[in-house]
Amino acid sequence: MMNLYGRFLGGAIFMTAIVSGAAAHHGWSWAEVDQIELKGVIRELYIGPPHPTLDVETANDGLWRVELGNPRQTERSGFVHGSAKIGDEVVALGNRSTDPSEKRLKAVRIAVGGKTFDIYPERIKTN
């Protein structure tokens, strides 16, 4: 009986760790409150779960990882496969990582090829 209880408890702890990790990844707690604009050239492009991403090379600050919304949310913004390609110039507005050693941005809006995609319209801060 104790073995069954131990397995149940171990499974519960494992599931709690997974759910906590997923919540931390999908939240905004890892990002700064203030938004920045990042301009560069797309070097890598991924459209798929858990989040579409762009690797953007900037002129002054090297390579950045730009995360978009989940695939369905990104699609609702109009950004779909074929909306951008490697070598395109992009402007991303979003919240950078609070870790200064990490070049990662959670985009709320991106502009590629003269078209703007509002990934998180409710989070866009304009001055």
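Is E57 buried, exposed or partly exposed? E57 has a relative accessibility of 36%, and because buried means under 20% and exposed means over 50%, this residue counts as partly exposed. I will come back to its partner. One caution before going on: what we are looking at is a predicted model.

Let me start with the overall layout. The protein has 2 helices and 6 strands. Reading from the N terminus, the order of elements is α-β-β-β-α-β-β-β. Of the 127 residues, 36% are buried. The exposed surface comes to about 8000 Å², with 57% of it supplied by carbon and sulfur atoms. As for contacts between residues at least 6 apart in sequence, 55% of them join residues at least 24 apart.

Now the core. The largest nonpolar core holds 24 residues, and the members that touch the most others are L54, V66, L68, F79, V90, I110 and V112. Five elements are listed as giving two or more residues to this core: β1, residues 36-46; β2, 53-58; β3, 62-67; β4, 89-96; and β5, 104-112. Which of them gives the most? That is β5, with 5 residues.

Take V90 as an example from the core. Setting aside neighbours within four places in sequence, V90 is in contact with L38, K39, G40, I42, L54, V56, I110, A111 and V112. Two of the residues in that list, L38 and K39, will come up again with T58.

Next, the end of β5. Strand β5 is joined to β6, residues 115-118, by 4 bridges, and the two strands run antiparallel. Within that pairing, A111 stands opposite T116 of β6. The two strands form a hairpin with 2 residues between them. In the turn, G113 has a positive phi of about 55 degrees.

Some notes on the loops. The loop between β1 and β2 contains P50. What is the form of the peptide bond from P49 to P50? It is cis, with omega near 0 degrees. Earlier in the chain, W30 sits in the loop between α1, residues 2-26, and β1. Although it is a loop residue, W30 counts as buried because its relative accessibility is 12%, under the 20% limit. Its C-alpha atom is separated by 8.4 Å from that of R96, a residue 66 places away along the chain.

On to T58, which belongs to strand β2. T58 has a relative accessible area of 10%, so it is buried. A polar atom of the T58 side chain lies 2.9 Å from the backbone nitrogen of D61. Leaving out residues up to four places away in sequence, T58 touches L38, K39, G40 and W64.

That leaves the salt bridges. The count is 8, and I will go through three pairs.

The first pair is K39 and E37, whose closest N and O atoms are 3.7 Å apart. Both K39 and E37 are exposed.

The second pair brings us back to E57. Its side chain meets that of R43 in a salt bridge, at 2.7 Å from N to O. E57 is in strand β2 and R43 in strand β1, 14 residues apart, and the pair links distant parts of the chain. R43 has a relative accessible area of 38%, so it too falls in the partly exposed class.

The third pair is R104 and E67, with side chains meeting at 3.0 Å, N to O. Why does this pair tie together separate parts of the sequence? Because R104 lies in strand β5 and E67 in strand β3, with their positions 37 residues apart in the numbering. Where the K39 and E37 pair is exposed, R104 and E67 are both buried. There is also a third member here: E67, E102 and R104 are linked in a network of salt bridges.

To put the pieces side by side: β5 gives the most residues to the largest core, pairs with β6 in a hairpin, and carries R104 of the bridge to E67. Strand β2 holds the buried T58 and also E57, which bridges to R43 in β1. That is the end of the walk-through.

Terms used: Residues numbered from 1 in each chain as written. Predicted model: local features only at pLDDT ≥ 70, side-chain atom pairs only at ≥ 80, totals over all residues. Heavy atoms only, no water. Core = buried A, V, L, I, M, F, W, Y, C linked by side-chain atoms within 4.5 Å. Buried < 20%, exposed > 50% of the residue type's maximum accessible area, 1.4 Å probe, protein only. Contact = heavy atoms within 4.5 Å. Pairing = 2+ DSSP bridges. Areas by Shrake-Rupley, 256 points an atom, 1.4 Å probe, with all protein chains shown as cover. Polar contact = N/O pair within 3.5 Å; in protein donor to acceptor, adjacent residues only side chain to side chain. Salt bridge = Lys/Arg side-chain N within 4 Å of Asp/Glu carboxyl O.
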